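Me: I have a structure here that is new to me. Could we go through it together?

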Amino acid sequence: MEAGMPIGYFYGYQTDGIFQTQAEVDAHATQTNANPGDLRFRDINNDGEITNEDKTYIGDPIADVTMGLNFSFDYKNFDFNMYAFASLGNEIIRNFERNLPLTNRPRYYLDRWTGAGTSNTFPRVTTGANSNSLFSDFFVEDGSFVRLQNIQLGYSLDQKILEQVGLSKFRFYVSANNLVTLTKYRGYDPTTSNGAPIGGGIDQGFYPTPKTFLVGLNVNF
């Protein structure tokens with residue numbers, strides 16, 4: 001927390017690409033364990049050394065806008081309803097990815113640095129000591145999304161038929177939850193968060209919300 005800043009904002013290092021050669025490492029501010037292929041951090045206070053004093057604002061988990069849409073209609077014996085939700089302008093930290101030295105990486109690491117000029121976006125993959133796992137904007141992503149939360153279609157038998165069989169209601173329906181999510185976030189689920197004011201928007205590797213499909217029957221005697 002800091003006066004004048006969003007609550008729970010992300011505080012870490014700003015990156016400036018990838019070290020391509022040892023000459024770039026030597027010419028840069030002193031950065032512990034830095035080697036070609038590692039993330040290059042910005043020397044915010046220009047003291048020639050990367051320290052805690054160079055940490056700064058790198059993102060905000062609070063959305064600029066949240067929106068919901070309910071839509072429904074009835075036509076003859078059919079009924080339809082849907083609910084969509086959107087969160088725009090918030091950011092997410094891929095925190096689950098920061099400490100994975102001996103596990104599979106996301107597929108975008110296929111574009112990692114493997115030699116001078118190969119990548120200025122994703123660092124090398126190594127089990128050796130380096131600073132790539134430090135909290136930095138490399139792990140920050142746009143967490144905006146639009147999700148079709150629920151959609152349902154139902155059909156009710158005509159009242160005349162119901163009277164003949166002694167029922168007051170007979171409705172059959174199919175529904176789906178979490179059917180479609182539109183987002184650029186590369187983690188499993190852009191809605192991931194622990195809900196706390198401090199620590200929100202940090203993806204620790206939660207299991208993603210599954211799609212569910214339901215078939216139901218409402219009968220009133």
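Me: How much area does the protein expose, and what share do carbon and sulfur atoms supply?
Reply: The exposed area of the protein is about 13,100 Å², and carbon and sulfur atoms supply 54% of it. Accessible areas come from the Shrake-Rupley method with a 1.4 Å probe, and for residues only the protein chains shown count as cover.

Me: Where do these values come from?
Reply: This is a predicted model, in which local features need pLDDT of at least 70, side-chain atom pairs count only at pLDDT 80 or more, and totals for chains, interfaces and linings use all residues. Residues are numbered from 1 along each chain as its sequence is written, and side-chain values use heavy atoms, with hydrogens and water left out.

Me: What share of the residues is buried?
Reply: Of the 221 residues in the protein, 38% are buried. Buried means under 20% relative accessible area, exposed over 50%, and partly exposed in between (1.4 Å probe, protein chains only).

Me: Next topic: which elements make up the secondary structure?
Reply: The protein has two helices and eleven strands. These are DSSP runs numbered from the N terminus: helices are H or I with at least four residues, and strands are E with at least two. Their order from the N terminus is β-β-α-β-β-β-β-β-β-β-α-β-β.

Me: And what about Ser131, buried or exposed?
Reply: Ser131 is buried, with a relative accessible area of 10%. Its place is in the loop between strand S7 (91–93) and strand S8 (140–142).

Me: Which residues is Ser131 in contact with, leaving aside neighbours within four places in sequence?
Reply: Those residues are Gln31, Thr32 and Phe41, where contact means heavy atoms within 4.5 Å. The side chain of Ser131 reaches the backbone oxygen of Thr32 at 2.9 Å.

Me: What is the phi of Lys76?
Reply: Lys76 has a positive phi, near 55°, and is a residue other than glycine. Most residues other than glycine have a negative phi. Lys76 lies in the loop between strand S5 (65–75) and strand S6 (78–88), and Lys76 is exposed at 72% relative accessible area.

Me: And Asn33, what is its phi?
Reply: Asn33 is not a glycine, yet its phi is positive at about 60°. The loop between helix H1 (22–27) and strand S3 (39–41) holds Asn33, and Asn33 counts as partly exposed, with 41% relative accessibility.

Notes:
A polar contact is a pair of N or O atoms within 3.5 Å; within protein, one must be able to donate a hydrogen and the other to accept it, and residues adjacent in sequence count only if both atoms are side-chain atoms.
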